[in-house]
Structures are given as C-alpha cells and as structure tokens.
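These are my notebook entries on one chain and its ligand, written in the order in which I looked things up.

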Amino acid sequence: MRRIVCHCMEPVAPSGSPVRHPVRLRLDDGQRALQAELRAFLAASIPDEFRRTVANPDYLPRDAHERAVAFCRELHARGWFVPHWPAEHEGGGRPIIEQVIIREELAYAGAPLVNSNGTNMLAPVLFQSGTPEQQAQHLGPIARSEVMWAQGYSESEAGSDLAALRMTAVRDGDHYVLNGHKTWTSNGRLADWIFVLVRTDPDVKPQAGISFLLVDMRTPGITMRPIRSMTGYPTFAEEFFDDVRVPVEHRVGAEHDGWRVAKALLNAERTNITRAAQAQRFYDELVEWLHAQEGTRLDLRRDPLVREQLAYLAERIAVGRALSYRIAHLQAAGALTPALASLSKLFWSSFAFEIKDVGTRILGPGGLLMPGDADALVDGHFAEGLLLGLLHQIGGGTNEVQRNVIGEAGLGLPREPRA
Ligand SMILES: Cc1cc2nc3c(=O)[nH]c(=O)nc-3n(C[C@H](O)[C@H](O)[C@H](O)COP(=O)(O)OP(=O)(O)OC[C@H]3O[C@@H](n4cnc5c(N)ncnc54)[C@H](O)[C@@H]3O)c2cc1C
C-alpha cells in the first residue's frame, strides 16, 4: 500500500502576497523521524481487528471498544494520544505540526481512537472556558481514556435549529434539576459522562437562555436507550432526564451563556483534520485492488472513465489536505472562523461519501457487500463507508446548515428568515 506523505506545515506569508495564510509544505529531519517512528509502531501494534475500522473508529461493540481503549492507553504512554495538550494536563506539549503528523498517521493506519467527544470536543472547551477545578477533574481522565464522554445537544425538535432545545434546568440551591430528553447521542451507550445544553431561562430569546452542563451518567434519574443505525451498529442512544440533580459547579461558562460555549465546541467538531488521511487510505486501497486485478476481466486500469475518476479523487484529496493544514494552522493561532470550520466540515462530509460512491462503482456489485460477507470486495470497507458517509452528512450539523453558515457568517449574505 502506498503511504500518505505529510509535508506540512510552516505558515509563510511572502511580502505582497494576496493570500493571507499560505502554507509551505515541508517537514524537518526531526519531524520525519517522528513520522517513521510512528509508522513502525503502528505497523506492529494496531490489533488486526481494527485495521479495517478506519471508517468507523467511533462505533465499536463494547468488547472491541475495551481493546481500543487499551490501545489508546498505549498511545498515551508514548505521548501520542493527546500530543498537543500542555504537559500539566498530561498532554505531550507538542507543536501543532507534530499533532497533525501524529493524527494523520493514526488515521491512515486505522488506529481505533476512542472518545472523540472527550478529546476533540469537550477538551478544547475546557481549556478555553473551564474552571481550574473542572480542568483538573476531567482532562486527565480523558487523556488516560478512563472516562468516555457523550454530546447531549440534539432533541426530537432541536437538531438544525438547536436553539429550540427544551430540556430544562431549574436552579435549586447549589444544584440544577434537569428534565427533558436528548437523542442521536453518538456512543451514548458507552458514555460515563455527557455534556448537555439545557434551558436555564425560558423568558429570553432562545440563544440567551441556554447553559452548558457536565453530567455524570450515573446520576439518579437518567435512563439511556441505545438506537441502532442503518450500519447495524448501536451507533446512537437517547437519554431521558427525570429530576436529575447536577451540582452548579458542573456548569461550564456563565449561567445562560451556554450558546457561546456550544458554538466554540461545534467549531472544534467541524475542522475534520484527519479526513485527508482517511480518504487517502480509501484511495490507496482502491488503487491497490485495481492493480491486483491485472490479467483478469476486472482489470479496469486502462478504462478511461476509471482513470478520470481516479485523477479526480486524487485532486480532491490534495485540495482537502491543503484545507486541513490551513485549518490546523488557524486553529493553533486561535484564528479559525465559523465559516471556515463549516467549509471544512462540508468539504469532508461530502467527499467522504463521494470517494466511497466512486469506489463502489469501480468495484462493482461485490463492492456493495458489507464486511463479513464472503464475497465482499476490499473487506466490505467501501460499502460500510458509504453508509457511514451518509451519516456524516448529518452528524455535527447537516450539509445544508454548513452552507447557511458559510453564506451568512462567511459571505455576509442576509440571514435566512426564521420560522
Ligand atoms: C452520525 C451522527 C452522529 C450524531 N451525533 C450526535 C451527538 O453525538 N450528539 C447530538 O446531540 N446529536 C448528534 N447527532 C444529531 C445531529 O446533530 C442532528 O441529526 C442534526 O443536527 C440534524 O438535526 P435533525 O436530525 O433534527 O434534522 P432536522 O434539523 O429536522 O433537518 C431535517 C432536514 O432539513 C434540513 N434543514 C433544517 N434546517 C434547515 C435550514 N435552516 N436550511 C436548510 N435546510 C435545513 C436539514 O439539512 C435536513 O436535511 C448525530 C447525527 C448523526 C447522523
């Protein structure tokens, strides 16, 4: 299999350049050594059962999840699980370029990284808005893969229009009392804790009356039910909250200021920094499969349509990778805008589906058989990826919603009328 080459990323602004954040693609000797060390470790250490889970590392059965946790702890022991976190919070203290190198290699190899809700979503929010006590309580267990997190934003009537959420939190002394329902919670069945958006003031405009709370899933009054998605995995859960008491000190940010916290978290969720490596992995598997058909009736390597499609995919991966590097640079500089985060989310969720769509067309009917089927081509990887690709166009905000953000926040178009 060919290997992704990470060339990133030293921002350089040539004088007079109209481009504000160009990226020079270059690694120094130390970074190449890190890359080589990682490749050697991953080639020897990823359990075989995970090598095909590049498409769905988040959605594992419980026993596989536990083996994935063990792998993540091994990564952490080497400083590669949360490489960019500061050392005082058990991170590797590495610069952004090394974080990108590590993340790309892990994604390409299919490393089963658990708890993205904790590492990629909640942690950036805690670094930005958490109290020292919240940071001390939660960051270490996330780094050590000891506590799994879920995201409790969506409700039955609050998805794209998230500010319409109804779950209430009423102040009672030094606690909030929560009542309501959350749904589509990725990995809810594995979660120890959940961060939720709740309505703390019903008498103001919707965005102004929301707070952001951290809730221990073992608190009395929480009922969780798994929901199986079309992939066959128990991908989601829903949770019912009946008079659930949550200490006030578990609120992140000021009371009623949860919308600001929630939006910062969504930006972190939408950057998609590892998608280029995952797409490259699919691409390489497809090309490898084509070469393996040499001399058979499935040898399509001279088919002009197939060649054109492969060239198109390669071009999109290159463009997307440059976008991801730029996002990483802006994120590290604290300069990532919501419109650019949405652009990245839109690009990658569209392309993640497209590459599997093209792949299954090239593979033919055998490419549409799921993992476990004896006749499945490329281990059913593309078929499964196609289904997950559909989910990814909805999760984290639908493609239509991303287009609205790009139009309104990025291009200054008038806001769409609210119903
Ligand atoms: C894989 C996956 C993982 C998820 N994980 C989580 C999670 O961990 N935690 C969590 O809280 N939620 C999660 N969700 C839920 C997700 O955030 C919502 O499904 C999403 O925000 C859409 O909301 P909805 O399903 O209510 O659809 P709706 O908001 O009802 O949208 C229905 C359709 O209308 C379109 N639409 C709605 N409003 C507009 C508009 N203003 N302009 C144009 N089109 C519009 C949408 O694009 C969509 O096509 C997940 C969903 C998926 C698929």
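Before counting which element supplies most of the ligand shell, I fixed what an element is: helices (H or I, at least four residues) and strands (E, at least two) are DSSP runs, numbered from the N terminus. I also note at the outset that this is a predicted model, and I read everything below with that in mind.

**Entry: the chain as a whole.** I counted 11 helices and 10 strands in the secondary structure of the chain. Of the 419 residues, 42% are buried. When I took the contacts with a separation of 6 or more, 70% of them joined residues 24 or more positions apart.

**Entry: the ligand shell.** Which residues come nearest to the ligand? I found 18 residues around the ligand, and among these Tyr-153, Gly-159, Ser-160, Gly-395 and Thr-398 come nearest. Sorted by class, the shell holds 5 nonpolar, 11 polar and 2 charged residues. Strand 3 (149-152) and helix 11 (399-410) each give at least two residues to the shell, and the largest share, 3 residues, belongs to helix 11.

**Entry: strand 6 and its partners.** From the ligand I followed strand 3 to strand 6, with which strand 3 pairs in the parallel sense over 4 bridges; in this pairing Ala-150 stands opposite Ile-194. On its pairing with strand 7 (residues 210-216), I noted that strand 6 runs in the antiparallel sense over 7 bridges, and that Phe-195 stands opposite Leu-214 there. In a regular strand the side chains alternate between the two faces of the sheet. I therefore checked the two sides of strand 6 separately, and found Trp-193, Phe-195, Leu-197 and Arg-199 buried on one side, with Ile-194, Val-196 and Val-198 buried on the other. The count for strand 6 is thus 7 buried residues of 7.

**Entry: strands 5, 8 and 9.** I next looked at strand 9 (residues 236-247), which pairs with strand 5 in the antiparallel sense over 7 bridges, Lys-182 standing opposite Glu-239. Strand 8 (residues 222-227) also pairs with strand 9 in the antiparallel sense, over 6 bridges, and here Pro-226 stands opposite Ala-237.

**Entry: positive phi values.** Most residues other than glycine have a negative phi, and most peptide bonds are trans. I accordingly wrote down two residues with the opposite sign. Asn-187, which is not a glycine, has a positive phi of about 60 degrees, and lies in the loop between strand 5 (175-182) and strand 6 (193-199). His-256 has a positive phi near 70 degrees and lies in the loop between strand 10 (251-252) and helix 6 (258-269).

Are these two loop residues buried or exposed? A residue is buried if 20 or more other C-beta atoms lie within 10 Å of its own, so Asn-187, with 22 C-beta neighbours inside 10 Å, counts as buried. His-256 has 17 such neighbours inside 10 Å and therefore counts as partly exposed.

**Entry: helix 4 and Val-261.** Helix 4 (residues 116-129) has 14 residues, and its first and last C-alpha atoms are 19 Å apart, close to the 20 Å expected at 1.5 Å a residue. Where does helix 4 kink? I placed a kink of about 40 degrees at Leu-122, shortly before the proline Pro-124. Leu-122 and Pro-124 are both among the buried residues of helix 4, which also include Met-121 and Val-125.

I then turned to Val-261, which lies in helix 6 and is buried because 23 other C-beta atoms lie within 10 Å. Although Val-261 and Leu-122 are 139 residues apart along the chain, their C-alpha atoms are separated by 9.9 Å. Leaving out residues up to four places away in sequence, I listed Val-125, Ser-129, Phe-212, Val-252 and Gly-253 as the residues that Val-261 touches.

**Entry: helix 8.** Helix 8 (residues 304-332) has 29 residues and reaches 42 Å from its first C-alpha to its last, close to the expected 42 Å. Its buried residues include Leu-313, Ile-317, Gly-320, Arg-321 and Ser-324. An α-helix has 3.6 residues a turn, so residues three or four places apart point the same way. Just after helix 8, I noted that Gly-334 takes a positive phi of about 70 degrees.

Technical notes: Residues are numbered from 1 along each chain as its sequence is written. This is a predicted model: local features need pLDDT of at least 70, side-chain atom pairs count only at pLDDT 80 or more; totals for chains, interfaces and linings use all residues. A residue is near a molecule or strand if its C-beta atom, placed from the backbone, lies within 6 Å of it. Ala, Val, Leu, Ile, Met, Phe, Trp, Tyr, Cys and Pro count as nonpolar, Asp, Glu, Lys and Arg as charged, and the others, Gly among them, as polar. A residue is buried if 20 or more other C-beta atoms lie within 10 Å of its own, exposed if 12 or fewer, and partly exposed in between; C-beta atoms are placed from the backbone. Two residues are in contact if their C-beta atoms, placed from the backbone, lie within 7 Å. The expected span of a helix is 1.5 Å times one less than its number of residues. The bend at a residue is the angle between axes fitted to the seven residues ending there and the seven starting there. Two strands pair if DSSP finds at least two bridges between them.
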